[in-house]
Amino acid sequence: MKKLTENLGAKITVIILSFIAFAAALVSVITVIFLLDCDGYTKTRDEIRTDIMENRIGNGHIYNILEVYGNGESVENYCDDQRIYYTIEDYTNGGVIEGNYTGQSFIVQKRQLNLTTYEDRAYEDENGDMQWTSIERSPISITVYIPREALSGNGQLLLNVVDTAYTLRYAVIWILGVSALVLVVLLCYLYAAQSHRKGGVVALNHLDRVPFDLLTAAVIAIALLSASLIDAVVYSGDLFSIVILAVVLSADYFVALGYTLSFAARLKTHTLLKNNIIYKLWSVAAKGVKKLFGWVKYLFKNIPTVAKTAIITSAVALFQFIIIAIFTYYPAERTLLLFLFTALDTAVIISLSILLKRIKEGGEKIAAGDLEYKIDTKYMHGDFKDFAESLNNINEGLSVAINEKMKSERFKTELITNVSHDIKTPLTSIINYVDLIKKEKPENENIKEYIDVLDRQSSHLKKLIEDLMEASKASTGNLAVNLSVCEAGVLLSQTVGEFDERLKAAGLTPVVSIPETPVKIMADGRHLWRVFDNLMNNICKYSQVGTRVYLNVSERDGKAQITFRNISKYELNITGEELTERFVRGDKSRNTEGSGLGLSIAKSLTELQGGELKIDIDGDLFKVTLTFDTVQREVN
Amino acid sequence: MGEVGEMYNILVCDDERDIVSALKIYLEAEGYCIYTAYNGNEAVRAVEENDIHLVLMDIMMPECDGITAMVKLREISNIPVILLTAKSEDTDKILGLNVGADDYVTKPFNPVEVIARVKSQLRRYMTLGGGHKAEPENGYTIGNIELNDKSKQVFVDGEEVSLTPTEFEILKLLMKNAGEVLSPKEIYKKVWGGEALGAESTVAVHIRHLREKIEINPADPRYLKVVWAHGHKMEKGDKK
């Protein structure tokens, strides 16, 4: 099958065969139509003959005679020329006016009754000028008798055609059916094989490259031309016109075949739509329009929102003004329309403000830390939608970041807690066995000294681990905080009491100042004590011997301040901020005891309770300030 | 120390053998007879099979942990149990005490403190008859602290502790109002008489001394508690 579709010779043969089939079908169709027209399937051959003769030949003679008679020329001469016989009678009384028929044999007789003729007469009008007028003669009847020998070539031909058609009147139907079938089959093959070339290539020929709409226009022009040609020759009925008809129809067949084959080829290569002048023009135009539209959109997007709003609002107002100006004549109409437009504008503005409100509320929720909140972008467009989506995206990003951070902090705390637990067990053994060795009372003085080192360092290690755990918990907020109303003064006095002996041992004198009226703050007593404890520990460790330590509680403008001031034993070449970092100590050498976590823990714990810890260093003066909001008096 | 008590049997249970050995040395030096176990199941079996008077037990152990063993122990015995734990979280302590432990010591512990707590628990359990005690007429008793107002004496675990008159008055005031938080100002007013006028820290100093005398671990008191930023209080009676 493939091969057959690619064979050029086969194609040409099929085209010729199809033309023959087409011609056969066409002739059969015409014959059938002709036969139907003259009742060829119901009447006998002679009846048809008579009909044809009467209608085609007899009528022609009668009208010629009428014309000749009307012009007052000799009818007899005309009839002698044509070798026919005639009789003209008066229609009203039946009397014979003239005629040469005297009973000769004929094959066709045609009689036409009640025919009117006119006589042109000149007359003189009232001005004496000559005028012409037509005067109706009395009606006549004409009868023509046509003998066989009077039939002309055309007449003979027609008779032969009628005879042949009548003989073949059933065969043509078969011919029509078969040729139509053959034609359909052959055309199907042609359409299927169209544009398949040797080697399975689908290719277009020159015709297929012509724009389809142009081709269509050409085909329509040819069709119109042939229609007018056919129209011009179809009634003359002579041999010449039949030849022309055949040529034209054949040409039309090839044009139609070429056109439809090209159509098939275009369908196959999907070029039917694209290869059109109109399509090409349209696509160029569409591209231009799209580009223009894109440009306008880009321009609009880059116009500042306020300007955009101004432009749209002015355009709407202008439009409304124009509408009012064009379509209204009366003040009442104008007022009504103005009212309608105002209502419309108000509705639009209100709906926009609702969207704005939605975004605003979403923004507030997000700002307040509701990371699960999503702004509903339903009914939002343009800038509103962009804005709402940006906010939603910020929210998503934030909540992802925060979750990650929380996860990692929790992991850190867990790790530190677990490691601390694991260190504590061996450390217990170390401390216990150091203690046991001590109890053995070693003789060697060196061993005693070494054991003291072990004892001191293992205690230090213990403290370090405890601080580390606390620092990690405090800094990650992994600590239960139960805020209650606390008296800062009471805590300070308790702290001083607790440290009484250690301060004395360090040679320090506390100077405590607590106001008479209790200073109440919201804090967790136990955590706040840990803050004070750490700060006092530092003071005992790092204060210059023999100096005073100033401890203060004060209240001003709804803020409670607790200050710890002391004179440092060491030179402080470090800032207050650096000191609160983990593992940072005033002495870079790290020779002293302590974990370097005390201030960091104090700061974290203070912040957990909503307070603030600030360190000021002024020469050797070391000052820590804790600031909390005071609880208002109404709490009693 | 040096006092040779009756031969009490103490079970020491920890999966860390070095710790068990160390505790054994310390407690044997005090004259106790030591049984050892290395997980919860062994501890329960040891208590079932022997006449144990006190159990020192770790919480984190393989096979059967201290809390589970504690529950099983309480089904068969009401001997004092002191938990040893590396967990220093408050919730862990509360859990331990809730399932029936009498006391706890956090690792790394001080041997002296462990011995003191063992002694305290044994004394209460053996001599005071496991918590059955009558309220003395002339004073107050809270846990193993006994205050006699008439003789002006204070006994902790049956041993007399010597207090200064001020300390005695403070203790009496707190025991009288056990369970109540008293601010330094109130304490000062009631003990010293008159306004504190900036002398509140004196109260704290005295209470600290008092704590050192009556508590085994003054930094983690069982009875005389500091309620930071509010005041001080005596725990009300014994737990349960």
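**Note on a predicted two-chain model**

1. In strand S15 of chain A, the residue that serves as bridge partner to Lys614(A) is Thr625(A). This pair belongs to a ladder of seven bridges between strand S14 (residues 612-618) and strand S15 (residues 621-629) of chain A, two strands that run antiparallel. In the hairpin that they form, two residues lie between the strands, and Gly619(A) takes a positive phi near 65 degrees. Helices (H or I, at least four residues) and strands (E, at least two) are DSSP runs, numbered from the N terminus, and two strands pair if DSSP finds at least two bridges between them.

2. The model is predicted, and local features need pLDDT of at least 70, side-chain atom pairs count only at pLDDT 80 or more, while totals for chains, interfaces and linings use all residues. Residues are numbered from 1 along each chain as its sequence is written, chains are lettered from A and ligands numbered from 1 in the order in which they are written, and side-chain values use heavy atoms, with hydrogens and water left out.

3. Chain A contains 18 helices and 15 strands, and of its 636 residues 36% are buried, where buried means under 20% relative accessible area, exposed over 50%, and partly exposed in between (1.4 Å probe, protein chains only). About 38300 Å² of chain A is exposed, with carbon and sulfur atoms supplying 62% of that area; accessible areas come from the Shrake-Rupley method with a 1.4 Å probe, and for residues only the protein chains shown count as cover. Among its contacts (heavy atoms within 4.5 Å) between residues at least 6 apart in sequence, 67% join residues at least 24 apart.

4. One loop residue of chain A can be followed in detail, namely Arg169(A), which lies between helix H5 (153-167) and helix H6 (171-193). Arg169(A) is buried, with a relative accessible area of 15%. Leaving aside residues up to four places away in sequence, Arg169(A) touches Leu35(A), Gly40(A), Tyr41(A) and Lys43(A).

5. Chain B is built with eight helices and eleven strands, and 51% of its 240 residues are buried. Its accessible surface comes to about 10900 Å², of which carbon and sulfur atoms hold 48%. Of the contacts in chain B between residues at least 6 apart in sequence, 57% join residues at least 24 apart.

6. Which strands make up the open, parallel sheet of chain B, and in what order do they stand? There are five, in the order S2-S1-S3-S4-S5, and their pairing is parallel. At the edges stand S2 and strand S5 (103-106) of chain B, each with a single partner strand, so one side of each is left without a neighbour in the sheet. Neighbouring strands of this sheet are turned by 20 degrees against each other on average, direction ignored. S1(B) and S2(B) run parallel and are joined by five bridges; among the paired residues, Cys13(B) has Ala37(B) in S2(B) as its bridge partner.

7. Helix H1(B) packs on this sheet, where it touches S1, S2, S3 and S4 of chain B, and its direction makes about 170 degrees with that of S2(B). Axes here are lines fitted to C-alpha atoms, for helices over the stretch in contact, and angles run from 0 to 180 degrees between N-to-C directions.

8. The buried residues of H1(B) are Ile19(B), Val20(B), Ala22(B), Leu23(B), Tyr26(B) and Leu27(B). Seen down the helix axis, these residues fall within an arc of 165 degrees, so they line one face of H1(B); the arc is that of the directions from the axis to the C-beta atoms. An α-helix has 3.6 residues a turn, so residues three or four places apart point the same way. Arg17(B) and Ala29(B) are exposed on the face of H1(B) turned away from the buried side. The buried residues also reach across to chain A, packing against helix H13 (382-439) of that chain, together with elements of chain B that include helix H5 (111-126). Just after H1(B), Gly31(B) takes a positive phi of about 95 degrees.

9. Chain B holds another open sheet, in which four strands stand in the order S6-S7-S8-S9 with antiparallel pairing. Its edge strands are strand S6 (139-142) and strand S9 (159-161) of chain B, each of which pairs on one side only. Strand S7 (residues 145-148) and strand S8 (residues 153-156) of chain B are joined by four bridges, and Leu147(B) has Val154(B) in S8(B) as its bridge partner.
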